[in-house]
Amino acid sequence: MDKLIILIADDEKPARNKLKGFISQMDCNADIIEAGDGIEAFEMINNSKPDLLFLDIQMPGMSGLEIIQNLRMGQMPVIVFVTAFDQYAVKAFEHNACDYLLKPFDIDRFNKAFQRAVSKLKSVSENNENIIKLLSELKKGKQFAERFLVNSNGKYFFVPAEEIMYVSAEEKYVALHTEKSKHLMRDTLSAFEEKLNPKKFVRIHRSYIVNTNFIQEIKPWFHGDYVILLRDGMKLNLSRRYKENLFAEYKV
Amino acid sequence: MRNIKCYFKSALFYFSIGSAIGIFNSTVVITTLLAERSEFHYSSVFIGEFTGGYSFALLLPVMLYIFRKYPVSKNSYIKPLFIYLCAYIPVGLFHILFMYYSREIINQIAGWGSYDYGNIYFRIPMEYIKLSTGMIAACLISNLSRSNKEKDAEKLRRASLEEQLTQARLDILKNQLNPHFLFNTLNMISSAMYENVDAADKMISNLSIILRAALQSSDDNTYTLKDEIEMISIYMDIMKARFNDKLNISYSIAPQSMDCSVPRYILQPLIENSIKYGMETPGSVFIELTAVRQNDVVVISVKDNGPGISDNSNNILTKGVGLSNTIERLNNFYNRKAKFTWRNLENGFLVQIELPYKKV
């Protein structure tokens, strides 16, 4: 096997040290990198493309769950979640065959998780499937992404979900349109839709998701299509295919 | 409208008292006269006793006002009793005049001629003696009901103090037994064991001290600022072991303030908040805990370099653990003589507690 890149993301150094110590006892050739908070971890995933990620859930800056809500499917490493206590998340991990470690854990429990994770490295599609399931499970538990980390000129900052007016698909990217600006993220519109609160964000078109808070008016158009007028004057098409998404939610 | 209703209610109350006295006294007089086989007019007895009753009822609010304003207690009874005696003379005079003129008017209306008050050298002492029994009764009832009310209020204050301490203990317990704190600390200890057994052992003993303190119920009256600072330093040792150089705390505690009696867990929630909000921002957290004593006042400040409070200042009451409970407990413990203030600094946040110095 090639040399593995393993990222340990945890805000407590002793916790990282313990994982490092355990990894070094495993029979594998690995480069270990460390992140001390959520945003650093997110950047490292983007820049260093680790194969395996030990991800603490509770971290300042960005929680472990927020990190996966902000990553795009193609760049998902195999993740072993690490948490001291989070009943809900643990249930979600169990349901979706994600590996997790409960602190404090011993070497035997770690070994099991590590072997399972290594064997998963060979099957990217299985990994992605599990993550998609996990995302929809989080969504069911009303854990939607509240904000998105975007990169502008090398700087990272958050766009709160409630400030997004609409999201459009642009080739390999999704564009988040706020009242002031537009931010591009590498993701598919369908995967992005999974991260949003369906009570507020509705898919209205193959290429659009709209934040219903910004809708000013809905006008009938031709052939059963509609036009949605946003508060700032922007017009979006509501296609027949997606019409029920919006109308069913508001019982029109 | 509510006022009128209240007014009407109390008028009805005094009227009933007057009527009751009238009925009671008329019965006593009539049965006495019947027993003595004397001749008498029922109407004159009723007029006499009822005017007496209503006159007393009319004066009762004045008497009650005096009794309430100058209550008798173990420590002070000479001055109030003297005041009662002084009031007794004009009250009695008004009582006699009211009775005389009301009877006179009723007699005139009924056409019975002028009212005969009899020999005033006997009549006036008689009325004063009769009034004194009524006044003593009113005084006893008023003072008894007041001391009961005071006892109830004291009981209530104590109960709420106890309840607040229980609440604080529960908040601390929730935080200390907070699974995140507990399991992350255990994980830190587990990691330390591979590197430094002595340090791991120390942390186990620190964690035990904190858990024991949270579980133990002990007397609040002997708890000092020194005890509170010790607890905080143990807690900080654990947090520093977990977060290394990210957490810093400095203490500057004036020795003369160390033995000041403070409510248990009065600073702990403030430190926890400083850490909680400081960790959310990049860079290290610096906390400065200072206590100074200026004569009879101890000023404790917790200063941090965190984000402070962004919008309105009421946030501190809803934000974080039990800060509103901390304020309430301060108010109760020091009988509203403690001050709790906070403000955003250019680079951080400052909470200040001013409390009366009380040696344990």
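**Entry 1: the five-stranded sheet of chain B**

I started with chain B of this predicted model, where I found an open sheet of five strands in the order 1-2-3-5-4, with mixed pairing. I then asked myself which strands stand at the edges. They are strand 1 (247-253) and strand 4 (339-345) of chain B; each has a single partner strand, so one side of each is left without a neighbour in the sheet. I also looked up the twist, which averages 10° from one strand to the next.

Next I followed one pair of strands. Strand 4 of chain B pairs with strand 5 (residues 348-356) of chain B in the antiparallel sense, over seven bridges. To see a facing pair, I picked Thr341(B), which stands opposite Gln352(B) in strand 5 of chain B.

**Entry 2: helices against that sheet**

I looked for what packs on the sheet and noted helix 7 of chain B, which touches strand 1 and strand 2 (285-294) of chain B. The direction of helix 7 makes about 160° with that of strand 1 of chain B. Then I turned to helix 8 (residues 268-279) of chain B, which lies across strand 1, strand 2, strand 3 (297-304) and strand 5 of chain B. Helix 8 runs at about 155° to strand 2 of chain B.

**Entry 3: a loop residue**

I stopped at Asn295(B), in the loop between strand 2 and strand 3 of chain B. Is Asn295(B) buried or exposed? I counted 7 other C-beta atoms within 10 Å, and a residue is exposed if the count is 12 or fewer, so Asn295(B) is exposed. I also checked its distance to Pro356(B): the two are 61 residues apart in sequence and 9.2 Å apart in space, C-alpha to C-alpha.

**Entry 4: nonpolar cores**

Which residues touch the most other members of the largest nonpolar core? I found Ala9(A), Phe81(A) and Val210(A), out of 100 residues in that core. Helix 7 of chain B, which I met on the sheet, gives the most to this core, with eight residues.

I looked more closely at Ala9(A). Leaving aside neighbours within four places in sequence, Ala9(A) is in contact with several residues, among them Ala35(A), Leu53(A), Phe54(A) and Met59(A). I also noted a second, separate core of 14 residues, including Ile47(B), Leu60(B), Phe67(B) and Met135(B).

**Entry 5: helix 1 of chain A and the other chain**

I checked helix 1 (residues 13-24) of chain A, which has 12 residues. Helix 1 reaches 16 Å from its first C-alpha to its last, close to the 16 Å expected at 1.5 Å a residue. Its buried residues are Pro14(A), Ala15(A), Arg16(A), Lys18(A), Leu19(A) and Phe22(A).

What covers these buried residues? From chain A, I listed strand 1 (4-9), strand 2 (30-35), strand 3 (52-56) and helix 5 (107-120) as part of the cover. From chain B, the cover includes helix 5 (179-195) and helix 7 (225-243).

That led me to the two chains together: 13 residues of chain A are in contact with 17 residues of chain B. On the chain A side, I read six nonpolar, three polar and four charged residues.

**Entry 6: a three-stranded sheet in chain A**

I ended with an open sheet of three strands in chain A, in the order 13-14-15, with antiparallel pairing. Strand 13 (215-220) and strand 15 (235-238) of chain A are the edge strands, each pairing on one side only. The twist here averages 25° from one strand to the next. Four bridges join strand 14 (residues 226-230) to strand 15 of chain A, and I found Ile228(A) opposite Leu236(A) in strand 15.

Technical notes:
Residues are numbered from 1 along each chain as its sequence is written. Chains are lettered from A and ligands numbered from 1 in the order in which they are written. This is a predicted model: local features need pLDDT of at least 70, side-chain atom pairs count only at pLDDT 80 or more; totals for chains, interfaces and linings use all residues. Two residues are in contact if their C-beta atoms, placed from the backbone, lie within 7 Å. Ala, Val, Leu, Ile, Met, Phe, Trp, Tyr, Cys and Pro count as nonpolar, Asp, Glu, Lys and Arg as charged, and the others, Gly among them, as polar. Helices (H or I, at least four residues) and strands (E, at least two) are DSSP runs, numbered from the N terminus. The expected span of a helix is 1.5 Å times one less than its number of residues. A residue is buried if 20 or more other C-beta atoms lie within 10 Å of its own, exposed if 12 or fewer, and partly exposed in between; C-beta atoms are placed from the backbone. Two strands pair if DSSP finds at least two bridges between them. Axes are lines fitted to C-alpha atoms, for helices over the stretch in contact, and angles run from 0 to 180 degrees between N-to-C directions. A nonpolar core is a set of buried Ala, Val, Leu, Ile, Met, Phe, Trp, Tyr and Cys residues joined through C-beta atoms within 7 Å.
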